[in-house]
Amino acid sequence: MIKAFLRAILKPLSFLPALAMMYVIYGFSAQDGTTSGNLSYKVSEIIVETANEAFDLHWTAQEEAQYIQKIQHPVRKLAHMTEYFLLAVSLALPLYVYGLRGIWLTLVAGAICVGFAALDAYHQLFVSGRGASKRDVAIDSIGIFAGIIVTRIIGWMGRKTIFRPLC
């Protein structure tokens, strides 16, 4: 009895991480172009400086700046894929718990996440220095479907091992 009660309360709460990810993504998208660009630059700077120190490369400040500029765009796009990967996993896992499996999990979670990515791109039309990009939605979709595939693999492994999904 208590187990059923707890499950009835906790199952809907399993969607909170997905809602939190949506909030984080919306927050990043609400940044103006300058702030967003500065954040990407800062992350790229940390990566380059860490690589320089870790591999003892002895780059000059000018070389570091050159590498920062070179990786800034790929870092930005990788961030898109990563945040939507996390959104997809945080949405697909509770859907899996609710019993969606196989192609239906892919279709439902994919439609919700890609729809959110499209709405997010539309939202950026109204943010200073930002714009909507079909290319960004496509990049987001790569992260989305990778996340859904990982979730399906985890679910499949759970059914084949000692771990059991909460149905």
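Is Phe 5 buried or exposed? That is a good place to start with this predicted model, and the points below go on from there.

1. **Phe 5 and its helix.** Phe 5 sits in helix α1. It counts as exposed, because its relative accessibility is 52% and the exposed class begins over 50%.

2. **The nonpolar patch.** Phe 5 has company at the surface: together with Ile 2, Leu 6, Ile 9, Leu 10, Leu 13, Leu 16 and Leu 19, it makes a nonpolar surface patch of about 790 Å². Two elements, α1 (2–13) and α2 (16–29), give two or more residues each to this patch. Helix α1 provides the largest share, with six residues. If you colour the model by residue class, these are the side chains to pick out.

3. **The largest pocket.** Next, the open space. The largest pocket has a volume of about 500 Å³. Its lining comprises 23 residues, and those nearest the centre are Ser 36, Ser 40, Arg 76, Ala 79 and His 80. Four helices each supply at least two lining residues: α2, α3 (33–54), α4 (61–97) and α5. The largest share, eight residues, is from α4. Sorted by class, the lining holds seven nonpolar, ten polar and six charged residues.

4. **The cavity.** What about enclosed space? There is one cavity of 30 Å³ or more, and the space in this largest cavity is about 30 Å³. The elements that give two or more residues to its lining are α5 (102–124) and α6 (134–160). Helix α5 makes the largest contribution, four residues. The lining consists of His 80, Ala 117, Asp 120, Ala 121, Gln 124, Asp 136, Val 137 and Asp 140. By class, that is three nonpolar, two polar and three charged residues. His 80 deserves a second look: it lines the cavity, and it is also one of the residues nearest the centre of the largest pocket.

5. **A salt bridge between helices.** How many salt bridges does the model have? The count comes to two. One of them joins Asp 136 and Lys 77, with their closest N and O atoms 2.6 Å apart. Asp 136 belongs to helix α6 and Lys 77 to helix α4, so this pair ties together parts that are 59 residues apart in sequence. Asp 136 is buried, since its relative accessible area is 12%. Lys 77 is buried as well, with a relative accessible area of 14%. Both values fall under 20%, the cut-off for that class. Asp 136 also ties this point to the previous one, being among the residues that line the cavity.

6. **A salt bridge within one helix.** The other pair is Glu 45 and Lys 42, whose closest N and O atoms are 3.6 Å apart. These two residues are three apart in helix α3, which means that about one helical turn separates them. Lys 42 is partly exposed, with a relative accessible area of 48%. As background to both pairs, side chains of opposite charge can pair when their charged atoms come close.

7. **Two residues with positive phi.** The loop between α3 and α4 is worth a backbone check. Asp 56 lies there, and so does His 58. Asp 56 is not a glycine, yet its phi is positive, about 50°. His 58, likewise a residue other than glycine, has a positive phi near 60°. Why mention this? Most residues other than glycine have a negative phi. Both side chains are in the exposed class: Asp 56 has a relative accessibility of 52%, and His 58 has a relative accessible area of 61%.

8. **A distance along the later helices.** One last item concerns Ile 154, in helix α6. At 46% relative accessibility, Ile 154 counts as partly exposed. How far apart are the C-alpha atoms of Ile 154 and Tyr 122? They are separated by 33 Å, for two residues that are 32 apart along the chain.

Note on methods:
Residues are numbered from 1 along each chain as its sequence is written. This is a predicted model: local features need pLDDT of at least 70, side-chain atom pairs count only at pLDDT 80 or more; totals for chains, interfaces and linings use all residues. Side-chain values use heavy atoms; hydrogens and water are left out. Patches are made of residues with over 30% relative accessible area and no salt bridge: like charges are joined within 9 Å, nonpolar side chains (Val, Leu, Ile, Met, Phe, Trp, Tyr) within 5 Å. Accessible areas come from the Shrake-Rupley method with a 1.4 Å probe; for residues, only the protein chains shown count as cover. A salt bridge is a side-chain nitrogen of Lys or Arg within 4 Å of a carboxyl oxygen of Asp or Glu. Buried means under 20% relative accessible area, exposed over 50%, partly exposed in between (1.4 Å probe, protein chains only). On a 1 Å grid over the protein atoms alone, a cavity is a set of points where a 1.4 Å probe fits but cannot get out, and a pocket is an open set with protein on both sides within 12 Å along at least five of seven lines; lining residues have an atom within 4 Å of a point. Grid points are joined across faces, edges and corners, and a volume is the space filled by probe spheres set on the points. Ala, Val, Leu, Ile, Met, Phe, Trp, Tyr, Cys and Pro count as nonpolar, Asp, Glu, Lys and Arg as charged, and the others, Gly among them, as polar.
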